[in-house]
Amino acid sequence: MGTGNRLKHQGVPEPLSDAHYAKLKRKAGLPTDDVPEFKKQKAQNGKPRNKPNTKPAGKANTKANGKPNGRTNATKPAPAVPAKNGKVVKPLNKKARAEPELDLDDMSDGIGGGFSDGEDMSDLDDEEGLPDDFLGSDDSVYDSGGEEERKAMFSEDDDDSDGDAEERLTAANIVGLSRKLDQEKAEEEAAAEAELQETLQTNFDPLVLDGDEETQNKNLLAPDLQLLRQRLSDTVRVLEDFATLAEPGTSRSDYTKRLLEDIMVYYGYSEFLAEKLLNLFPPREALAFFDANETPRPIVIRTNTLRTSRRELASALINRGCVVEPVGSWSKVGLQIFEASVPLGATPEYLSGHYILQAASSFLPCMALAPQKGERILDMSAAPGGKTTFCAQLMANTGCIFANDPSKTRSRGLIGNVHRLGVRNVIVCNYDARDFPKVMGGFDRVLLDAPCTGTGVIAKDPSIKTNKTEKDFITIPHTQKQLLLGAIDSVNHAGTGGYVVYSTCSVSVEENEQVVQYALKKRPNVRLVSTELPFGKEGFTAYQGKNFDKSLSLTRRFYPHTLNLDGFYVAKFHKIGPTPANLVSDRSESKPRQDDVIDKTPIVDEDAKAAEGDEFGGFDDEQDAEYIERAKRNAMRKRGLDPKALDKPKVQDKAKSDSSDTKPKAKPAKVGKKKTNSKA
């Protein structure tokens with residue numbers, strides 16, 4: 001095996017000198033003896049020449065001029081390093097093995113010309129060994145005498161050793177290194193604390209009630225939702241156990257104000273609506289209500305039992321890749337759709353009228369109304385037809401249902417669903433429901449799903465969070481009161497009926513309990529009865545200092561965070577007698593107030609006035625007839641018809657008119673002759 005390139009260019013590393021050991025001792029802080037430094041011999045290329053551990057035999061080393069240097073290249077071991085115990089220990093180097101004969105001529109070619117005359121290496125042989133006490137201390141000794149005692153390895157040739165050597169730490173090194181590690185740890189902790197303080201200043205501080213100026217400044221920064229959520233939970237926990245957990249000198253109103261501000265920022269509500277909804281529940285339940293409004297409700301369909309059964313519909317949808325489940329034990333027609341591989345509004349079952357997409361909460365008013373077969377039912381706000389068709393389904397297509405909606409546009413969807421579901425006992429009408437008692441009355445049952453602010457369906461329409469104002473909670477309840485009074489006046493108290501169901505998809509008290517209380521006050525001939533719904537929370541009998549009738553506990557409230565349904569309210573009235581005549585005139589369209597100005601100007605017939613001849617002069621019918629005739633001919637040409645066909649009826653009409661004109665003219669002549677004859 002020949003000499004490697006590394007050995008040719010660099011040679012074997014030179015042994016460590018006394019100056020090196022003295023330098024190590026000075027770094028460790030130990031006393032050192034004055035040791036002369038040896039001059040490093042250099043090769044002709046200007047680099048330190050490394051003395052090899054072994055020298056090849058058989059050839060004399062020649063200089064650049066060809067003269068021999070008088071020395072033979074015999075193999076010579078590296079100088080031994082004396083240990084402290086006086087024994088001579090050879091430096092361990094696993095790769096320093098006996099090499100084959102090395103041609104110095106070849107070697108000189110690789111490193112720049114061989115060795116010079118001045119580079120006599122005999123001084124290395126004549127060196128006296130280092131004294132035994134040259135180290136002076138045990139702590140800085142690195143004994144390389146054996147594999148067991150080896151503590152450090154500095155050669156790059158020891159990569160194949162059994163394990164990497166670790167530096168031996170002295171007492172002084174341990175103290176200095178420990179001090180350095182402590183300093184680095186302190187710096188890291190200081191940096192982390194500074195970063196945390198910066199983060200807390202950028203966002204909201206948990207459970208810190210800031211002043212108005214600080215709040216205004218922090219509102220300009222983006223909030224940290226994680227810290228904000230943690231502070232919401234902490235504030236709710238404090239409000240639940242205020243006496244124990246509250247900070248000294250802080251009132252409950254301060255925590256409530258902070259909770260309201262955090263809800264506005266975290267959930268995106270307006271201040272007015274957030275405060276109104278927060279007052280409905282305890283703090284923890286209010287937080288659950290706001291969380292539920294961020295989660296959409298599951299998709300629910302209602303089976304049309306007029307065409308199929310729920311079991312058959314479920315199996316058909318499962319075969320189409322849908323994951324379905326019954327809504328609950330309280331409904332026999334509802335199915336929840338958790339996953340669908342096809343659009344639910346375009347399946348053959350949907351187009352065939354086997355089901356309709358309808359929220360589960362919309363089942364509740366129809367179940368409370370409980371229509372019977374053969375009865376006359378009025379749905380005052382019927383579009384898009386989910387409740388109307390459900391009532392027809394419960395009545396098995398018997399009786400008669402009047403589906404009214406004031407919007408003609410929405411009535412189109414109502415008519416489409418009625419035809420698609422195969423309902424045959426529905427009459428669609430378009431009236432203002434407040435005037436319906438004048439149109440028709442005597443219904444057995446009336447269903448009023450009144451228009452509302454929609455605070456129970458925020459999950460479907462998040463825009464409600466910000467677009468509802470205090471004005472909406474004044475005008476909408478006023479309309480609801482008028483509609484409810486009209487529904488009571490439209491129902492017949494005799495017979496098996498006489499029931500009115502009032503429902504809204506809102507959770508506010510202004511649209512529910514206050515409207516029902518108003519109806520009970522204005523119509524003493526009605527009373528509340530049980531809705532017969534198996535679940536739901538009781539309605540309020542008192543709210544923020546207002547006391548309602550105790551019978552309002554029979555009404556039912558439904559919340560999204562308790563039943564996973566849309567927020568809903570259902571109340572059921574029973575009319576026990578006719579409405580007194582003096583109360584009917586108390587409606588909004590009855591007698592005007594004294595302050596109202598009444599215009600008593602007589603109404604003039606405009607047609608008669610135009611006939612008398614005014615400045616306008618009327619229309620020119622002959623000129624208009626020409627334009628009309630031209631438009632008809634153009635329309636016929638576009639349809640590919642002959643416009644001359646319009647002239648044929650005119651010819652016949654003229655002939656008839658001429659014949660009719662000639663006949664009356666002949667009669668007066670005969671009468672005149674008779675008269676003359678008689679005179680004669």
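Which helix holds Lys-27? Lys-27 sits in helix H2, residues 18–27. The model is predicted. Lys-27 counts as exposed because its relative accessibility is 65%, and exposed means over 50%. Its C-alpha atom is 9.9 Å from that of Asn-173, although 146 residues separate the two along the chain.

**Cores**

The largest nonpolar core has 60 residues. Leu-277, Leu-484, Tyr-502, Val-516 and Phe-573 touch the most other members. Another core lies apart from that one. That other core has 32 residues, including Trp-330, Val-426, Phe-535 and Phe-568. As background, nonpolar side chains in soluble globular proteins tend to be buried together.

Phe-573 deserves its own entry. Beyond its neighbours within four places in sequence, Phe-573 contacts Leu-484, Tyr-502 and Val-516. The list of its partners also includes Gly-498, Tyr-499, Val-500, Ala-519 and Leu-520. Val-526, Arg-527, Leu-528 and Val-529 are in contact with Phe-573 as well.

**Helix pairs**

Two packed pairs are set out below.

| Pair | Residues | Axis angle | Axis distance |
|---|---|---|---|
| H19 and H20 | 472–490 and 513–522 | about 45 degrees | 10 Å |
| H7 and H9 | 225–240 and 252–267 | roughly 150 degrees | within 10 Å |

Take H19 and H20. Their angle of about 45 degrees makes H19 oblique to H20. The crossing is right-handed. H19 contributes Pro-477, Gln-480, Lys-481, Leu-484, Leu-485 and Ile-488 to the contact. H20 contributes Gln-514, Val-515, Tyr-518, Ala-519 and Lys-522. By class, seven residues of this contact are nonpolar, two are polar and two are charged. Leu-484 of H19 is in this contact, and Leu-484 also belongs to the largest nonpolar core.

Now H7 and H9. Their axes cross at roughly 150 degrees, so H7 is roughly antiparallel to H9, as angles over 145 degrees count that way. This crossing is left-handed. On the H7 side, the residues include Leu-225, Leu-228, Leu-232, Val-236 and Leu-239. On the H9 side, they include Tyr-255, Leu-259, Ile-263 and Tyr-266. Charged names appear too, among them Arg-229 and Arg-231 of H7 with Arg-252, Arg-258 and Asp-262 of H9. The contact has twelve nonpolar, two polar and five charged residues.

**Helix H15**

Is H15, residues 386–394, mostly covered or mostly exposed? H15 is mostly covered, with eight of its nine residues buried. The buried ones are Gly-386, Lys-387, Thr-388, Thr-389, Phe-390, Cys-391, Ala-392 and Gln-393. Just after H15, Ala-396 has a positive phi of about 55 degrees.

Notes:
Residues are numbered from 1 along each chain as its sequence is written. This is a predicted model: local features need pLDDT of at least 70, side-chain atom pairs count only at pLDDT 80 or more; totals for chains, interfaces and linings use all residues. Side-chain values use heavy atoms; hydrogens and water are left out. A nonpolar core is a set of buried Ala, Val, Leu, Ile, Met, Phe, Trp, Tyr and Cys residues joined through side-chain atoms within 4.5 Å. Buried means under 20% relative accessible area, exposed over 50%, partly exposed in between (1.4 Å probe, protein chains only). Contact means heavy atoms within 4.5 Å. Axes are lines fitted to C-alpha atoms, for helices over the stretch in contact, and angles run from 0 to 180 degrees between N-to-C directions. Helices (H or I, at least four residues) and strands (E, at least two) are DSSP runs, numbered from the N terminus. Angles under 35 degrees count as roughly parallel, over 145 as roughly antiparallel, 65 to 115 as roughly perpendicular and the rest as oblique. A crossing is left-handed if the near helix is turned anticlockwise from the far one by less than a right angle, and right-handed if clockwise.
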